[in-house]
Amino acid sequence: MNVNYKLAVTAVMVAALAGCSGGAERRRQANQDFNYLETAALGSWNSPSESVATVSNEYAIPPKEYPGSIGKAVDIRPPQQVLALIPGARTVNNTDGTVSLQLVNAAELDELWTLTKRLGQERQVAFDVNTPQMLETSWVNWNNEDEDTEISSRYRISRSAENGQYLYTIKLLDWREGGAEKPVSLVNQERYSILMTNLVMAKYDAYEREKARLRAQELVKQIPITMGQDRGGLPVVIARAPYNVFWERLPGLLQTLGFTVDGRNRSQGTVDVTFRAPDDPFWIDLGIQPLQLNNREYQLQLGDLGNRTSITVTDEDGKPVTEAALQSFAPVLAAAIDKENQS
């Protein structure tokens with residue numbers, strides 16, 4: 001089975017939604033202080049008597065108005081970015097600060113719309129307007145450490161499907177700081193529209209990952225487990241299931257057999273475990289001989305063989321377990337799968 005959805009890294013999501021962690025002063029911190037605001041105005045150059053002035057325009061600043069913020073009004077936080085959690089979706093940052101997602105098909109758009117409503121229910125955010133094509137939220141509160149006060153905002157969320165384009169758009173409508181309504185700046189319009197978009201994207205990603213997990217759980221119900229050999233002729237356990245399917249299901253199986261999963265690395269195919277052998281009644285109930293492993297730490301190495309997955313086991317010193325121990329692992333894993341199929 002091909003899993004068509006990328007798995008989001010949790011740390012990335014936390015960084016995107018939480019903002020800077022150094023407090024509100026981080027959003028406007030100058031180089032140690034704001035003394036530059038006290039700089040004296042420029043005066044006329046008074047040349048010494050009998051001197052000849054040499055004029056150069058190399059460093060001349062053109063006389064004009066330079067609008068922009070100064071002092072504590074300057075916001076130096078890095079810009080927010082929409083998390084790419086929907087494969088094939090394209091982000092459109094509009095000039096008015098709104099954010100649009102151009103989706104691949106109508107089914108994705110409908111699913112995202114349904115999850116948006118569900119997210120509102122979970123976060124107790126009411127929809128003042130609720131039509132098939134548009135939602136307007138009540139006040140959404142943000143308690144970010146890099147803000148001076150509590151921020152609240154209202155949003156219009158709309159969808160459209162015209163000329164083969166499936167658009168999902170979020171626009172910030174109203175803005176409050178510390179309970180007082182204020183005009184929303186373009187910077188905050190962009191920043192908090194993206195924050196809201198990322199909340200919805202995270203909900204979509206979690207939903208798709210759960211679907212993939214359940215789908216993998218169904219596919220793994222009938223997985224023959226046998227012994228085989230690798231290309232070097234060494235013994236390996238063979239699970240007749242694709243790597244991505246078996247990877248999702250393996251931790252649950254291991255936990256039923258007395259293993260504690262300490263860490264996993266999907267790209268490298270490694271699973272770090274600690275084994276504590278269950279009592280004899282467990283093995284009797286399972287109808288199989290106990291695993292020939294000592295109570296210690298091990299590492300399982302999974303290999304992608306297309307429609308099959310290989311499994312080898314090494315101890316905490318990186319040495320392969322004995323062939324007898326590895327051979328005992330295959331029937332135990334098969335028995336655990338059979339028992340779960342019957343439950």
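**Figure 1. Two loop residues with positive phi, N163 and Q124, in the predicted model.** N163 is exposed, because its relative accessible area is 81% and the cut-off for exposed is over 50%. N163 sits in the loop that joins β6 (151-162) to β7. The phi angle of N163 is near 55°, a positive value in a residue other than glycine. Q124 is found in another part of the chain, in the loop between α2 and β3 (127-130). Q124 also has a positive phi, of about 55°, although Q124 is not a glycine. With a relative accessible area of 74%, Q124 is exposed.

**Figure 2. Helix α2, residues 106-122.** This helix has 17 residues. From its first C-alpha to its last it reaches 24 Å, close to the 24 Å expected at 1.5 Å a residue. At the start of α2, a side-chain oxygen of N105 comes to within 3.2 Å of the backbone nitrogen of A107. Just after α2 comes Q124, the residue with a positive phi of about 55°. Which residues of α2 are buried? They are E108, L109, E111, L112, W113, L115, T116, L119 and G120.

**Figure 3. Helix α4, residues 243-256, and its kink at L250.** The 14 residues of α4 should span 20 Å at 1.5 Å a residue, and the end C-alpha atoms are 20 Å apart, so the two values agree. The helix has a kink of about 40° at L250, shortly before the proline P251. Is α4 mostly covered or mostly uncovered? It is mostly covered, with 10 of its 14 residues buried. The buried residues are Y243, N244, V245, F246, W247, R249, L250, P251, L253 and L254. L250, where the kink lies, and P251 are thus both on the buried list. After α4 comes G258, which has a positive phi near 100°.

**Figure 4. Three buried residues of helix α3: Q189, R191 and L195.** Helix α3 covers residues 186-219 and includes R191. Q189 and L195 are also in α3. Q189 has a relative accessible area of 6% and is buried, because the cut-off for buried is under 20%. Leaving out residues up to four places away in sequence, Q189 touches D96, G97, T98, K171, L172 and V184. R191 is buried as well, at 8% relative accessible area. Apart from neighbours within four places in sequence, R191 is in contact with R77, P78, P79, Q80 and D146. L195 is buried, with a relative accessible area of 1%. The C-alpha atoms of L195 and W142 are 9.8 Å apart, while the two residues are 53 residues apart along the chain.

**Figure 5. Aromatic pairs, including W113 with Y168 and F282 with W283.** How many aromatic pairs does a search of the whole structure find? The search finds 7. In one of them, the ring centres of W113 and Y168 are 6.4 Å apart and the ring planes meet at 80°, so this pair is edge-to-face. The pair links distant parts of the chain, since W113 is in helix α2 and Y168 is in strand β7 (residues 165-177), 55 residues apart. W113 and Y168 are both buried. The rings of F282 and W283 form an edge-to-face pair too, because their centres are 5.0 Å apart and their planes are at 85°. F282 is partly exposed, at 23% relative accessible area. W283 counts as buried, at 4% relative accessibility.

**Figure 6. An aromatic cluster, and an arginine over a ring.** W142, W175 and Y192 make up one aromatic cluster. W142 is also the residue whose C-alpha atom lies 9.8 Å from that of L195. R176 lies over the face of W139, at 4.0 Å from the ring centre.

**Figure 7. The whole chain, for placing the close-ups.** The chain contains 6 helices and 14 strands. It has 343 residues, of which 36% count as buried. Among contacts in the chain with a separation of 6 or more, 57% are between residues 24 or more positions apart.

Technical notes. Residues numbered from 1 in each chain as written. Predicted model: local features only at pLDDT ≥ 70, side-chain atom pairs only at ≥ 80, totals over all residues. Heavy atoms only, no water. Helix = DSSP H or I, 4+ residues; strand = E, 2+ residues; numbered from the N terminus. Expected span 1.5 Å × (residues − 1). Buried < 20%, exposed > 50% of the residue type's maximum accessible area, 1.4 Å probe, protein only. Polar contact = N/O pair within 3.5 Å; in protein donor to acceptor, adjacent residues only side chain to side chain. Bend = angle between axes of the 7 residues up to and from the residue. Contact = heavy atoms within 4.5 Å. Phe/Tyr/Trp six-rings, centres within 6.5 Å; stacked < 30°, edge-to-face > 60°. Lys NZ or Arg CZ within 6 Å of the ring centre and 35° of its normal.
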